[in-house]
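Here is my note on the model you shared, set out as numbered points. I hope it is handy when you go through the coordinates.

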Amino acid sequence: MRTTTTIPVVAFGLFAAALPAAAQDTLTVYTYESFTTEWGPGPAIEEAFEAECDCDLEFVSVADGVALLNRVRLEGENTEADIVLGLDTNLINDARETGLFAPHGISLDNIDVPGGFEDEIFVPFDYGYFAFVYDTEAIDTPPESLTELVEAGSELGIAIQDPRTSTPGLGLLLWIKAVFGEDAADAWSELRDNVVAVTPGWSESYGLFTRGEVPMVLSYTTSPAYHRIDEDTDRYRAAAFSEGHYLQIEVAGRTVKGQDNALAGEFLTFMTGPGFQDVIPETNWMFPAGRTSEPLNPAFDDLVEPAETLLFSPEEVAENRNAWVDEWLSIMSQ
């Protein structure tokens, strides 16, 4: 889960870029906007890492994970990023093929995610399961399956994210493909009548939800933990779907440019331990992928547990993503 407030993209002046001597004392991390908000994990992680490295950690933010990959691809070898943080396993094959990422060179012994994870370039930092979160004051009986949601027509009213710019949006695209297979186009045709808004990123759609403009939103099974811990309310809950829930594993990678900055390797190692991981559960509202110093808040014990974990391989996603997005776009634009 992400926080609901967005901030502008950080801009770097020409003067700073013209000081190569300072580059080794500065680490530039590209990430998504909600990571860097006042309520997101960015500020606490920045403070903790800078205390260890005696350096300057600079975050540069864009709307969401897919937009993050698009930006790095557009910048190419001229990117300022040393680290790109906020892609997920649905994007890593495409990211790898850009040739802009370098091996991380660190131990993944601290990493523990469902199904395990091994990769020489990308390092997980959190994970979660996509879910539709609903307002109990607006919906008495939520759908119990993705099929039931699809067949609800205009009965509910949901906000989702665009798979061309958002990793949750792409996650829903893959979730529907995993459940409906060759009938995914028909499922989208039915679901379209239930979609009130398609937003570029998660923050915008979740903001619509918390403002009461939609009663249900695409988010994560972990989202209710935020409301319980920070707002002391059980009003918002995740619907458990009988077909299972699609898994998202978020990752970071060092760029080729970052190979020349020793801080990049230090940050990735730091990312797998408590200095980073302790911050994740109650700011990014996801499960930690690495070692924490203490158990999670008990609110995380009372969340939807997927009946089945759904996940395409990175190779399957890379092979089919463009065609599946085109299919989605042709239906949703009608």
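1. Is Asp126 buried or exposed? Asp126 is buried, at a relative accessible area of 0%. Please keep in mind that this is a predicted model. The residue sits in strand E5. Leaving aside residues up to four places away in sequence, Asp126 touches Gln248, Ile249, Glu250, Ile280, Asn284, Met286, Phe287, Pro288 and Ala289. There is also a link across the sequence to look at: the C-alpha atoms of Asp126 and Gly290 are separated by 7.5 Å, with the two residues 164 apart along the chain.

2. Staying with E5, which strand does it pair with through five bridges? The partner is E8, and the two run antiparallel. Phe132 stands opposite Leu218 of E8. On the parallel side of the story, strand E6 (residues 158-161) is joined to E8 by two bridges. There, Ala159 has Val217 in E8 as its bridge partner. E8 itself is mostly covered, with five of its five residues buried.

3. Next comes helix H11, residues 223-230, in which Ser223, Pro224, Ala225 and His227 are buried. What covers these buried residues includes strand E5 (122-135), strand E8 (216-220), strand E9 (236-238) and helix H10 (202-210). So E5 and E8, joined to each other by five bridges, both appear in the cover of H11. Just after the helix, Asp232 takes a positive phi of about 55°.

4. Two other backbone spots may catch your eye in a Ramachandran plot. Asp54 is not a glycine, yet its phi is positive, at about 50°. You will find Asp54 in the loop between helix H4 (42-53) and strand E2 (56-62). Trp285, also a residue other than glycine, has a positive phi near 55°. Its place is the loop between helix H13 (274-277) and strand E11 (287-288).

5. Are these two loop residues buried or exposed? Asp54 has 72% relative accessibility, and the cut-off for exposed is over 50%, so Asp54 counts as exposed. Trp285 has a relative accessible area of 1%, and because buried means under 20%, Trp285 is buried.

6. How many disulfides does the structure hold? There is one, and it joins Cys53 to Cys55 with an S to S distance of 1.9 Å. The torsion about the S-S bond is about -75°, so this disulfide is left-handed. Both Cys53 and Cys55 are buried, whereas Asp54 is exposed.

7. Finally, a word on the second largest pocket, which holds about 200 Å³ of space. Its lining is made up of 15 residues, and those nearest the centre are Thr89, Ile92, Gly116, Phe117 and Pro314. Helix H6 (92-97) and helix H14 (314-332) are the elements that give two or more residues to this lining. By character, the lining divides into seven nonpolar, four polar and four charged residues.

Conventions: Residues numbered from 1 in each chain as written. Predicted model: local features only at pLDDT ≥ 70, side-chain atom pairs only at ≥ 80, totals over all residues. Heavy atoms only, no water. Disulfide = S-S within 2.5 Å. Buried < 20%, exposed > 50% of the residue type's maximum accessible area, 1.4 Å probe, protein only. 1 Å grid on protein atoms, 1.4 Å probe; cavity = no way out; pocket = protein on both sides within 12 Å on 5 of 7 lines; lining within 4 Å. Points joined across faces, edges and corners; volume = space filled by probe spheres on them. Helix = DSSP H or I, 4+ residues; strand = E, 2+ residues; numbered from the N terminus. Nonpolar A, V, L, I, M, F, W, Y, C, P; charged D, E, K, R; others polar. Contact = heavy atoms within 4.5 Å. Pairing = 2+ DSSP bridges.
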